[in-house]
Amino acid sequence: KWAVENEHVPPSLHHGLNSVVGLRRGRTDAPEPKPILPVDDVDVHASVPHMPPPVAAMVWLQYWTGMRPGEVTTMRTGDIDRTRKVWIYRPRSHKTEHHGIEREISIGPKAQEVLRPWLKADPEALIFSPREAEEERSKRRREDRKSPMTPSQRRRKRNPKRARPPKESYSTDTYRRAVQRACEKGG
């Protein structure tokens with residue numbers, strides 16, 4: 001249709017393609033895709049202890065609400081209606097918005113319990129931030145330190161060529177990698 005509209009192909013091609021009947025399940029030699037099933041509960045429970053706290057919270061949110069990775073990584077406190085018993089999260093952007101579909105995700109008591117500690121005072125701030133997670137991890141490591149820091153360690157500056165600082169938000173890719181690492185650690 002687009003190609004006809006932009007005069008790349010003749011209109012008869014579009015008409016001909018519309019006349020072709022789609023493949024029917026079980027009536028062709030084309031391979032049938034396997035259904036994508038939910039992750040087994042045992043696997044979720046085995047991997048979550050190996051995740052950084054924000055990633056574990058995101059996994060539990062997905063577990064309890066069924067939201068997509070792109071929706072959990074872009075959550076903001078201001079996008080959640082907390083006026084009722086069951087909260088409603090309305091993502092600013094989602095997979096089917098171009099069809100004019102409004103997406104509302106119900107957040108029940110178990111998901112609220114997971115989410116509540118992460119809510120921010122600033123309604124525009126992302127709820128889950130790898131930068132904040134790394135700062136918290138570094139703070140805990142300093143507090144748990146057994147021996148005092150030496151003066152030479154205190155003077156050390158971070159080498160910018162060694163590692164990039166964490167970003168302000170998770171992407172679906174960084175989230176996937178964090179979950180994948182935890183799954184490998186959890187067996």
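**Exercise 1. Determine whether glutamate 7 is buried or exposed, and describe its backbone.**

Step 1. Glutamate 7 has a relative accessibility of 74%, so it counts as exposed. The classes are these: buried means under 20% relative accessible area, exposed over 50%, and partly exposed in between, with a 1.4 Å probe and protein chains only.

Step 2. The structure is a predicted model, in which local features need pLDDT of at least 70 and side-chain atom pairs count only at pLDDT 80 or more, while totals for chains, interfaces and linings use all residues. Residues are numbered from 1 along each chain as its sequence is written, and side-chain values use heavy atoms, with hydrogens and water left out.

Step 3. Glutamate 7 is placed in the loop between helix H1 (2-5) and H2. Helices (H or I, at least four residues) and strands (E, at least two) are DSSP runs, numbered from the N terminus.

Step 4. The phi of glutamate 7 is positive, about 60°, although the residue is not a glycine. Most residues other than glycine have a negative phi.

**Exercise 2. State which residues form a nonpolar patch on the surface with about 300 Å² of accessible area together.**

Step 1. The patch consists of Leu13, Leu17 and Val20. Patches are made of residues with over 30% relative accessible area and no salt bridge; like charges are joined within 9 Å, and nonpolar side chains (Val, Leu, Ile, Met, Phe, Trp, Tyr) within 5 Å. Accessible areas come from the Shrake-Rupley method with a 1.4 Å probe, and for residues only the protein chains shown count as cover.

Step 2. Leucine 17 belongs to helix H2 (residues 11-19). Its relative accessibility is 55%, and therefore leucine 17 counts as exposed.

**Exercise 3. Describe the largest nonpolar core and the elements that supply it.**

Step 1. This core has 28 residues, and those with the most contacts inside it are Met75, Ile80, Leu115 and Phe128. A nonpolar core is a set of buried Ala, Val, Leu, Ile, Met, Phe, Trp, Tyr and Cys residues joined through side-chain atoms within 4.5 Å.

Step 2. At least two residues of this core come from each of helix H4 (53-65), strand S2 (87-89), strand S3 (105-107), helix H6 (109-115) and helix H9 (172-186). H4 provides the largest share, seven residues.

Step 3. Neighbours within four places in sequence being left aside, the contacts of methionine 75 (heavy atoms within 4.5 Å) include Leu61, Ile80, Tyr89, Leu115 and Phe128.

**Exercise 4. Establish the order of the strands in the open sheet and identify the edge strands.**

Step 1. The sheet has three strands in the order S1-S2-S3, with antiparallel pairing. Two strands pair if DSSP finds at least two bridges between them.

Step 2. Strand S1 (80-81) and S3 are the edge strands, each pairing on one side only.

Step 3. S1 and S2 run antiparallel and are joined by two bridges. Isoleucine 80 has tyrosine 89 in S2 as its bridge partner.

**Exercise 5. State how many salt bridges are counted, and examine three of them.**

Step 1. A salt bridge is a side-chain nitrogen of Lys or Arg within 4 Å of a carboxyl oxygen of Asp or Glu. By this rule the count is nine.

Step 2. Arginine 90 is bridged to glutamate 102, with 4.0 Å between the closest N and O atoms. Both arginine 90 and glutamate 102 lie in the loop between S2 and S3, so the pair ties together parts that are twelve residues apart in sequence. Arginine 90 is partly exposed at 28% relative accessibility, whereas glutamate 102 is exposed at 59%.

Step 3. Glutamate 124 and arginine 92 form a salt bridge at 2.9 Å, N to O. Glutamate 124 lies in the loop between H6 and helix H7 (130-144) and arginine 92 in the loop between S2 and S3, so this pair ties together parts that are 32 residues apart in sequence. Glutamate 124 is partly exposed, at 44%, and arginine 92 is partly exposed, at 46%.

Step 4. Arginine 176 and aspartate 173 form a salt bridge at 3.2 Å, N to O. The two residues lie in helix H9, three residues apart, about one turn of the helix.

Step 5. Salt bridges also link Arg68, Glu71 and Arg103 in a network.
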